[in-house]
Amino acid sequence: MTRAGGQTAQTCGRPRPGLRDPRRGSRGYTLIELVVAMAVASVLFLSMAAILAPVYRTYQRTLERSDARLIAENVLDATNAFELVITDEARLAGLPDSAKRRARAAAEAKGVDGFRFTLQAPSYLPFVKYVDDRELRRTMYEAFLAVGGAEPHDNRGLIREILAKRREAANVLGYRDFADYQTEPRMIGSGARAAAFEEELAEKTRPHFEREVAELERFAAEELGIDELMPWDVSYAAEKLRMARYDVDEEALRPYFPLLHVLEGLFDLTERLFGVRVERVEGVPTWHPEVEVYHLTHEDGTFLGSMYADWYPRESKRDGAWMNGLVTGGPTADGFEPHVGIIACNFTAPEGDTPALLTHSEVETIFHEFGHLLHHLLSRVPIKARSSMSVPWDFVELPSQIMENWTWEKQALDLFARHYRTGETLPDELFERLRRSRTFHGAIAQMRQLSFGTVDLALHRDYDPASDEDPLEFARRVLAPLEVKPEFARGERLTRFTHVFSGGYAAGYYSYKWSEVLDADAFGRFQEEGIFDPDTGRAFANEVLAKGDSEDAAVLFRAFRGRDPDVDALIRRNLGVVAGAAADALPAAEADG
Ligand SMILES: [Zn+2]
């Protein structure tokens, strides 16, 4: 911003502190003058620190960048260097046909006979989940864990180096450690608070975790003949137990979720809750004929902006689903400048008479991305840099994740989940199985996420990179109490932990669970006051969606929820139990499935 020149001239005329005024002779400075001088000096010092910090942050990132890139490359190269080729199809008993077909095609592409498996997720995950042959599962599991842990793709030295550089950078800037340095601008505020959060959640998860593990061990022994559960048995046995207890075929749900109905339901919900009307508009130029354009208008008459929706895959299009804010608008002197945002997905396109039919998790995806879009389009912050999604990193998923909750409420599903041919709503029995499958092994899954978050924080807070201790051994100790069995803990998990060593999640892995707590707890208010309650919806829109980063995230949350986030909300949702209830006091149906 440019200002009138006169003011600048005045500031230049101020006597500089620390210089002796010759007219004062030997008397020196008065007390007031000294206080003023010290105040000015400290302001200057503070602003130097303020200037220096981002410069140093950039420098630190540059220092790290080459190590981070090497770590990611090692993981990629080691992953690609491995293959398991099986020529005897009988050894693949248990593996679904779709996985076999992919393995056959992968072998053909390499000009070899049989079935070729790799450590890439689409090949590895079904393998350890379904293949009956225990030795083969073990081979794959060990190979997966060995990635990044041996020459020529060894990450062990790089990990220590990167931890040392991070600690040094944090210390130079006056932080105790890298976790404090990373978390200070975030909602959680400090490394200590992040660690306490992980600990509290782990402690509350533990009794349910132990119950689930005991049940899994019993099932493996009784039904699968696995007397001693090993790490390569966990997802295999869990899948068999899930099939026995809660089998839900995602594909069978598709006919109930035609994209068009899902959108109608979502827009209906948006109008009820937030007072925002969403309407399709025709004739707007787009980058592809399949792209749809919608206008969002607030009940106060404000035209909030446009959403461009690109639903189906194309060859030149990126994989996955995402939302982008293309134009950030906001209040102006003479009204409101509309926002523009896009949602992109890769859903199965309509074919002939069959419309685009979604799985339940794809329905969740739409609700999620639309939540981000609402955060962008409902923003009413005059300063664009503080608008919409420029909130702290561990707060940005609240508006998106909260929307997913409605896809788990029967009342909300009845708005739109209708069979595309018969018009029948989702049968209660099918919904009940779906709901129960959501919390299946909730504690085991939660503990696994907590083990990643805990080891990430411990490495950046408690591990001393200058010591002789091997970071892998340190990690093994931290992980032991969080594993299915303590002896399953393996420090090798670090050598492929690219999230933290090359993906920007350093001292930030906690945020996955943190944002889940935020959305579960915020949704709790809707559960208390009604999932269609317009006042609660308006409150969420006004206190969170409209505010962007114009206020502290903790203040925004408190303004909506009336208090700080409560982890018990997540225990209830993910584990399907009342927080604090002793595991053995649960009703038999809950404990035995
Ligand atoms: Zn998201």
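**Figure 1. Helices H4 and H5 cross with left-handed geometry.** This close-up comes from a predicted model. H4 spans residues 121-130 and H5 spans residues 134-146. Their axes lie 9 Å apart and meet at an angle of about 140 degrees. That angle makes H4 oblique to H5. H4 contributes Tyr124, Phe127 and Val128 to the contact. H5 answers with Arg137, Met140, Tyr141 and Phe144. By class, six of these residues are nonpolar, one is charged and none is polar.

**Figure 2. Buried residues of H4 and their surroundings.** Pro126, Phe127 and Val128 are the buried residues shown in H4. The buried residues of this helix pack against H5, as well as helix H3 (97-109), strand E2 (115-117) and helix H9 (234-246).

**Figure 3. Nonpolar cores of the predicted model.** The largest nonpolar core holds 107 residues. Phe257, Val262, Ile343, Phe370 and Leu378 have the most contacts inside this core. Phenylalanine 370 touches Leu266, Ile343 and Met403, leaving aside neighbours within four places in sequence. Another core, of 22 residues, lies apart from the largest one. Its members include Phe127, Val128, Leu216 and Val234. Phe127 and Val128 also take part in the contact of H4 with H5. For the protein as a whole, 36% of the 593 residues count as buried. The fold has 23 helices and nine strands. Among contacts with a separation of 6 or more, 68% join residues 24 or more positions apart.

**Figure 4. Helices H16 and H17 cross with right-handed geometry.** H16 covers residues 442-461, and H17 covers residues 471-479. The two pack at an angle of about 135 degrees, with axes 10 Å apart. H16 is therefore oblique to H17. On the H16 side, the contact uses Ser451, Thr454, Val455, Ala458 and Leu459. On the H17 side, it uses Pro471, Ala475, Val478 and Leu479. Seven of the contact residues are nonpolar and two are polar, with no charged residues.

**Figure 5. Glycine 301 in a loop between two strands.** The loop runs between strand E4 (292-298) and strand E5 (303-310). Glycine 301 is exposed, because just 7 other C-beta atoms lie within 10 Å and the cut-off for exposed is 12 or fewer. Valine 276 is 25 residues away in sequence. In space, the C-alpha atoms of glycine 301 and valine 276 are 9.5 Å apart.

**Figure 6. A cis peptide bond at proline 152.** The bond runs from glutamate 151 to proline 152, with omega near 5 degrees. Proline 152 sits in the loop between H5 and helix H6 (156-172).

**Figure 7. Histidine 441, a residue with positive phi.** Phi is near 55 degrees, although histidine 441 is not a glycine. The residue is found in the loop between helix H15 (428-438) and H16. Histidine 441 has 24 C-beta neighbours inside 10 Å, so it counts as buried; the cut-off is 20 or more.

**Figure 8. Alanine 507, another loop residue with positive phi.** Alanine 507 has a phi of about 50 degrees. The flanking elements of its loop are helix H18 (498-501) and helix H19 (510-529). Alanine 507 is buried, because 27 other C-beta atoms lie within 10 Å.

Note on methods: Residues are numbered from 1 along each chain as its sequence is written. This is a predicted model: local features need pLDDT of at least 70, side-chain atom pairs count only at pLDDT 80 or more; totals for chains, interfaces and linings use all residues. Axes are lines fitted to C-alpha atoms, for helices over the stretch in contact, and angles run from 0 to 180 degrees between N-to-C directions. Helices (H or I, at least four residues) and strands (E, at least two) are DSSP runs, numbered from the N terminus. Angles under 35 degrees count as roughly parallel, over 145 as roughly antiparallel, 65 to 115 as roughly perpendicular and the rest as oblique. A crossing is left-handed if the near helix is turned anticlockwise from the far one by less than a right angle, and right-handed if clockwise. Two residues are in contact if their C-beta atoms, placed from the backbone, lie within 7 Å. Ala, Val, Leu, Ile, Met, Phe, Trp, Tyr, Cys and Pro count as nonpolar, Asp, Glu, Lys and Arg as charged, and the others, Gly among them, as polar. A nonpolar core is a set of buried Ala, Val, Leu, Ile, Met, Phe, Trp, Tyr and Cys residues joined through C-beta atoms within 7 Å.
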